[in-house]
Amino acid sequence: MKIPIYQVDAFTSRLFSGNPAAVCLLETWPDDEQLQSIAAENNLSETAFLIDKGNAVELRWFTPRTEVALCGHATLAAAFVLFTLKSRPTGSIRFLTRQSGELTVMRNQGMMEMDFPARPPARGEIPSGLADALGVKPVAFYASQEDLLVLAESEQTVRLMSPDFKSLEKIPGRGVIVTAPGDRADFVSRFFAPRVGVDEDPVTGSSHCVLIPFWAGRLGKKDLHAFQVSARGGELFCRCQGDRVVIAGRAVLYLEGNITL
C-alpha cells in the first residue's frame, strides 16, 4: 500500500523556516498504532492525516509520541496541500476533527486563514519548579485548557531562553507558552512541549488560541501581528472574534512522495 505524503513548511514563505509538518492523504483510517508509527517515523512535531470526503475533510494530528486534540501548523499545511497541490475548487475547507470540532480554513489574498476556538487563559499561581525549568523570571503566570502561559519581561528574554527540558517534562499540562511584547510585532512567543515528545515547537498555531485573546485583552485591539521566535521562526497574522480566533499564514512545499507499507 502507498500513502501520498507531503512535507510543508508552515507559517512562512521561505523554505527551511517556519514549522515543518507532514501531510498524509488516506482513503480509509488504518488502526491508531499504524498512524502513530508513521508519525514516529516522520519524526516531525506533527503529522496530519486526512481523508477528503468532498464536502468536508476528516483530520487527525499525531506527534512522534501521541495524538493531539488540536494543531495549527499541520492544519495550515493540510489546507496548503489541498488548495495548491490538489486544486481544491472552493475557497474554503471544512475540517472535521475528533476533539476540536469543525475547523474552517479560507484562502484570502495569498494567505490561509484558520478559524479556531479561542482558549483565553486565567491568572494563577506558577507551578513549583517551572521558573527554574524555564530559566526565566516570570512577570505573571496563567493557565488555559491544556497549556500554561508565562509572561516574560521582553522579546530578548524570550529569544535567549534555554530551558531544561528534562525538568520541564515534569510540569503538568500539554506544553508551556512563554510570551512577551514584541519589538517589531504586537507579541512574540515560544512553545515547549516535551511531555508530548516535542521539546520546542518552531511555530505553534494552537498556542495562539491562548495568546490571541490574552494579547487582545492586554492591548485593547482585535487584529494582532505575531512572531514565534524559535530558531526557525514564523510569522502569524491574528484576529480575535469573541469565542473564536483567526490565525493566518503562508506555507511552502518542501517535498512530496509516497509511504510504502
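This is a short walk through the structure above, from one helix to the cores, the surface and the salt bridges.

The model is predicted, so keep its filters in mind: local features need pLDDT of at least 70, side-chain atom pairs count only at pLDDT 80 or more, and totals for chains, interfaces and linings use all residues. Residues are numbered from 1 along each chain as its sequence is written, and side-chain values use heavy atoms, with hydrogens and water left out.

Let us start with helix α2, residues 72-85. Helices (H or I, at least four residues) and strands (E, at least two) are DSSP runs, numbered from the N terminus. The 14 residues of α2 reach 19 Å from first C-alpha to last, close to the 20 Å expected at 1.5 Å a residue; that expected span is 1.5 Å times one less than the number of residues. How many residues of α2 are buried? The count is 12 of its 14, among them His 73, Thr 75, Phe 80 and Phe 83. Here buried means under 20% relative accessible area, exposed means over 50%, and partly exposed lies in between (1.4 Å probe, protein chains only). After α2 comes Ser 87, whose phi is positive, near 50°.

From the helix we can move to the nonpolar cores. Such a core is a set of buried Ala, Val, Leu, Ile, Met, Phe, Trp, Tyr and Cys residues joined through side-chain atoms within 4.5 Å. The largest one has 57 residues, and those with the most contacts inside it include Phe 11, Leu 50, Trp 61 and Ile 247. Helix α2 supplies the largest share of this core, nine residues. Apart from it lies another core of 20 residues, including Met 161, Leu 168, Ile 171 and Val 229. Leu 50 shows what surrounds one residue of the largest core: leaving aside neighbours within four places in sequence, Leu 50 is in contact (heavy atoms within 4.5 Å) with residues including Val 23, Trp 29, Leu 59, Ala 78 and Leu 82.

Strand β6 (residues 92-97) holds Ser 92, which is partly exposed because its relative accessible area is 31%. With neighbours within four places in sequence left aside, Ser 92 is in contact with Phe 83, Thr 104, Val 105 and Met 106.

Out on the surface, Phe 16 sits in the loop between β1 (2-10) and β2 (19-25). Why is Phe 16 called exposed? Because its relative accessible area is 59%.

Finally, the charged side chains. Side chains of opposite charge can pair when their charged atoms come close. Counting a salt bridge as a side-chain nitrogen of Lys or Arg within 4 Å of a carboxyl oxygen of Asp or Glu, a search of the whole structure finds 13. One of them joins Glu 146 and Arg 119 (3.4 Å, N to O). Glu 146 lies in the loop between β10 (140-143) and β11 (148-151) and Arg 119 in the loop between β8 (111-117) and β9 (122-123), so this pair ties together parts that are 27 residues apart in sequence. Arg 119 counts as buried, at 10% relative accessibility, whereas Glu 146 is partly exposed at 25%. Glu 146 also forms a salt bridge with Arg 174, with the closest N and O atoms 3.8 Å apart. Another salt bridge brings together Asp 186 and Lys 221 (3.0 Å, N to O). Asp 186 lies in the loop between β12 and β13 (187-193) and Lys 221 in the loop between α6 (208-219) and β15 (223-228), so that pair ties together parts 35 residues apart in sequence.
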